[in-house]
Amino acid sequence: MHVPLSPQLCMPQGLSFRTQADNKEPQFHSFIITREDGSRTYGFVLTFYEEVTSKQICTAMQTLYQMHNAEQHGSVYASSSCSMDSLASSIDEGDATSLLKLQRYNSYDINRDTLYVSKSICLITPLPFMQACKKFLLQLYKAVTSQQPPPLPLESYIHNILYEVPLPPPGRSLKFYGVYEPVICQRPGPSELPLSDYPLREAFELLGLENLVQVFTCVLLEMQILLYSQDYQRLMTVAEGITTLLFPFQWQHVYVPILPASLLHFLDAPVPYLMGLQSKEGTDRSKLELPQEANLCFVDIDNHFIELPEEFPQFPNKVDFIQELSEVLLQFGIPPEGSLHCSESATKLKNMVLKDLVSDRKNGNVPTSNISMYELMKGNETIARLQALAERTGVTVEKIDLSASLNEKEKDLKLQCEEAELRDYQLNVQLREVFASRFIQMFADYEAFVIQTAQDLESWLTNREQMQNFDKASFLSDQPEPYLPFLSRFIETQMFATFIDNKIMSQWEEKDPLLRVFDSRIEKIRLYNVRAPTPTLRTSIYQKCNSLKEAAQSIEQRLMKMDHTAIHPHLLDMKIGQGKYEQGFFPKLQSDVLAAGPTNNNRWVSRNATAQRRKERLRQHSEHIGLDNDLREKYMQEARSLGKNMRQPKLSDLSPAVIAQTNWKFVEGLLKECRMKTKRMLVEKMGHEAVELGHGEANITGLEENTLIASLCDLLERIWSHGLQVKQGKSALWSHLIQFQDREEKQEHLTDSPVALGPERRKSDSGVMLPTLRVSLIQDMRHIQNMSEIKTDVGRARAWIRLSLEKKLLSQHLKQLLSNQLLTKKLYKRYAFLRCEEEREQFLYHLLSLNAVDYFCFTSVFTTIMIPYRAVIIPIKKLSNAIITSNPWICVSGELGDTGIMQIPKNLLEMTFECQNLGKLTTVQIGHDNSGLLAKWLVDCVMVRNEITGHTYRFPCGRWLGKGVDDGSLERILIGELMTSASEEDLGKQCRTPPQQKSPTTTRRLSITSLTGKPAKPNAGQIQEGIGEAVNNIVKHFHKPEKERGSLTVLLCGENGLVAALEQVFHHGFKSARIFHKNVFIWDFVEKAVAYFETTDQILDNEDDVLIQRSSCKTFCHYVNAINTAPRSIGKDGKFQILVCLGTRDHLLPQWIPLLAECPAITRMYEESALLRDHMTVNSLIRILQTIQDFTIVLEGSLIKGVDV
């Protein structure tokens, strides 16, 4: 099988030279080659040392050392342990420290020292039979170093494994023969988890259970994962271990568990990756410069330490999940917290040749003489305590003969090794079963949410980019609340999208093997639980895996009983003199003998042909596989292609043109990802808000919106990390902003120039204006820097992005940041995305499109911060006093709280105040104490602005505050509406967010008092339609998911709210002419009705209907009296609003309306044509109001403050 094998993967650090004083133990490691179509090939490498026989090389090495020593003369030499490793790499990398370390051994002397050089033997396989390949390679090495030549030439054994050892069939085991002893490998059956030969025991020992689960979660969420270790095999063990646990999902991005030293610049790739980097001895983590760390999971394997990204959701049921895994580990004697040092000694012990073990009184190697049991165990504290107890009680511990048992151990040593191997296999499969069980529980009903619309594969592939393949909103709404932070992000990943695509494609072609096993497991669970195949409400109760015993037994049966035995190695048709043996040197193999084998026995190729054909089909279709609507697949294909190219032999010699081309693909990919993300955010947000107008269905939750914004933050961090000259801090974006801020502030001090002003000042009819809020990138940064709740640069960058997005300034701010070209050139290489002018402009344009919708992603996330607000009261000066003598006050309320009553300085119409984030503002209460001669005040509106986000709310009033004028109110409750700036209006009315429900307008309020003349009154039909619309909006409100609901206060008290609609009903036919030269209000009618009900309450009547009616009368009177006696100076219209709100909350309106319609006062105060005097209309009104009886209505505190009912 031809594989484009790079020597860099066999020797990632190049050739290594050592002397007789260095450790020359053979080192085993493995690597993986991932092709563009996703297929994998595994390489297993044994590196050992051979004596250098060339005098020229030895002389050159001595000369090299002497030259280096002369250069470094006089410097302080390192005293740590050393070797001749990386003498060659010193030349390439300028690594002076490795040569300095040689000072411990004085020098390399050609007459005194023996020089050794590394050599590797490698075995390439289509499946990861790691244990079997390792044994085979160790036997080859032993044959070379042994004093006795091997039974057959090495070519015989290599020819045998290449051509005569078949792949074991699924579910079977196979025995084949190495140089000295047989080697066993096994393969899982079709219904079992796929083959994984890397020992998970080592991965858990190296990282510890808690750390491994966290890294596993990062991999699931497709972050950038960098593994870091001195040992190549550790890198492979952890990488393969974690990706194995992903079943039924597969890592879709760049996967390079061992990154050759010459390719470190590929860590700059702005894509998800899983890479492994070899650390040099003594290298400090802080000196490792990584392009970006905002979205990076850094795993220091050797030091048992991980650094996690910020905003990191936990894996569902993490505590119970870790507990179950702990139980499995403890059964096999592995501490859940990991055992790094134990793992090292265990690995070293395994690498030693068993027959060379000495009686070193360590690792169980004790001499066979009689010894005291106490002597043997005296290092153990428990035994020491038992010994002391024995001495006190007079019991003696006899010496025992261990020789017999030790002899038995020697005989059974081989068996023990096999038993340890079996236990590793069993531990592997049991841990994997626990992980698989979690996904089976979480996605048991996934199939019900797969959207299958295409009739055939071709049409599906053609329209793939335009089609939704999974009903995400429905799936998430079906999940337990604790799962949502993780699941909402996971279902956006490439691995999940590919999994769903494979499910859809399985209609037309052979099912993906992982998918087949997963679906069969789900079916099995359904049968066990007698569960219906329809979506059911998920439970967050943890369910343990029940297939552990069965999985372990399957492995044991295969290993205990061999199903197949391969042909023995045999003599080949070699010429005389070939296969010559020289101890200590691996011979140059005879290529003509190994070039071809018997065609009928080449089962590896034939068995692999079907899989290869399937992979070829998948490769052809791969361009259609996308991350849902994000359509990132072409980009990701480039990334996978990069992963492939990384392994080509000549990549270390990349020309600038090739590097430029590679980076150009990154730039195109980033731009496309930006375009798709902004498009998705727009479509989802607009679709969501259109629901409020009754169009379409909700297809996004607040949680999903947050996920999309977090995803945009990740993208911006990746863009700002691309092509950095020097990395500074964990957030490349914040680092750029800070340097921009420093330069701007220095410039400000020099020129003292003002910051550019934003849109024009907001003016009202009366000419009073809200002072202009400056549009300033620097000012927004200062707001973020003043937030003590945020501790990290990554957090500050994300907060700044959220704030800019909410202010609709993200594109403008970033354009200003990038306008400083000198700074950009200083920070970024020529090929960086931010220095590609055309793409950068397109990128800013895509971000500009986000200004078309309203986001509250800053206000809704940072709920505990202190925010400065500015309030302006705008009077109608033409009709009001210019100066008032009373003491005015104001109270501002929002979704997150209120300010409490704040006094307004006399005759000042503007004030600033700071309080904890109020959220979206909803109401303003405004009033005064009626003191002094000039106490009447006609207020047009109140404007309140959040000084950080710039959101400005207008609270219309248009009413008098004062005794003896209007309805006599000294305080009013005003309902707010969010204002749009002039710049937003210019963006185009067509693409703007649908308007929110507005608060009562001045016109409607003034029409009640006939202050400015009577506008056209609505007719009976329009009034009834208004009532229906108001009630319908409330019903819709409660049918939305809780996180998507708007303001109920607006639906009750806003312009088209229920209070306004009922006011129209009560005003229809109302005799509003001045009686006794006084305005008459609806509340006057309400009070007359109460007076009537209270006087007729004494009449005795015991009929049931009358008793119910009397109960309603009592309740009505109680509520009206409570409102009248409340310690508030609310006017008559305000009291009617409170009565409607309370009646709605307590579901009493349908009882009260008929009482008022039958009250005698109605004939005196209403025309005969009034709606309230028409029985059919009243009955219709009652039926409409009954439709909101089932909803739990919670009123905002400001609406009913002080009213005790």
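Start by selecting Phe-1085: at 0% relative accessibility, this residue counts as buried. Keep in mind as you go that you are looking at a predicted model.

Now add Phe-1066 to the selection. With 3% relative accessibility, Phe-1066 is buried as well. The two rings make an aromatic pair of the tilted kind, 6.5 Å from centre to centre, with 50° between their planes. Color the helices and you'll see where each one sits: Phe-1066 is in helix α36 (residues 1058-1067), while Phe-1085 is in helix α37 (residues 1082-1095). The pair therefore ties together parts that are 19 residues apart in sequence. If you like hunting for rings, there's plenty to find, since a search of the whole structure turns up 40 aromatic pairs.

Next stop: rings with a charge on top. Select Lys-24 and Tyr-116, and you'll find the charged end of Lys-24 over the ring of Tyr-116, 4.8 Å from its centre. Then jump to Lys-142, which lies over the face of Tyr-180, 4.8 Å from the ring centre.

Now for the sheet. Which strands make up the open sheet of five, and in what order? Follow β21-β17-β23-β24-β26, with antiparallel pairing. The edges are β21 (910-916) and β26 (977-978), each of which pairs on one side only. In general, the strands of a sheet pair through backbone hydrogen bonds. Zoom in on β24 (residues 952-961): this strand and β26 run antiparallel to each other and are joined over two bridges. To see a bridge up close, pick Tyr-953, whose partner in β26 is Leu-978.

Move on to the cysteines. How far is the sulfur of Cys-941 from the closest cysteine sulfur? That neighbor is in Cys-957, and the gap is 8.8 Å, too far for a bond. A disulfide needs the two sulfur atoms within 2.5 Å, so Cys-957 is in no disulfide either, its nearest cysteine sulfur being that of Cys-941. The count for the structure comes to zero disulfides. Are these two cysteines buried or exposed? Cys-941 is buried at 1% relative accessibility, and Cys-957 is buried at 3%.

Finish at His-783, which you'll find in helix α27 (residues 777-785). At 14% relative accessibility, His-783 counts as buried, the cut-off being under 20%. Show what surrounds this histidine: leaving aside residues up to four places away in sequence, His-783 touches Glu-947 and Ile-948.

Notes:
Residues numbered from 1 in each chain as written. Predicted model: local features only at pLDDT ≥ 70, side-chain atom pairs only at ≥ 80, totals over all residues. Heavy atoms only, no water. Buried < 20%, exposed > 50% of the residue type's maximum accessible area, 1.4 Å probe, protein only. Phe/Tyr/Trp six-rings, centres within 6.5 Å; stacked < 30°, edge-to-face > 60°. Helix = DSSP H or I, 4+ residues; strand = E, 2+ residues; numbered from the N terminus. Lys NZ or Arg CZ within 6 Å of the ring centre and 35° of its normal. Contact = heavy atoms within 4.5 Å. Pairing = 2+ DSSP bridges.
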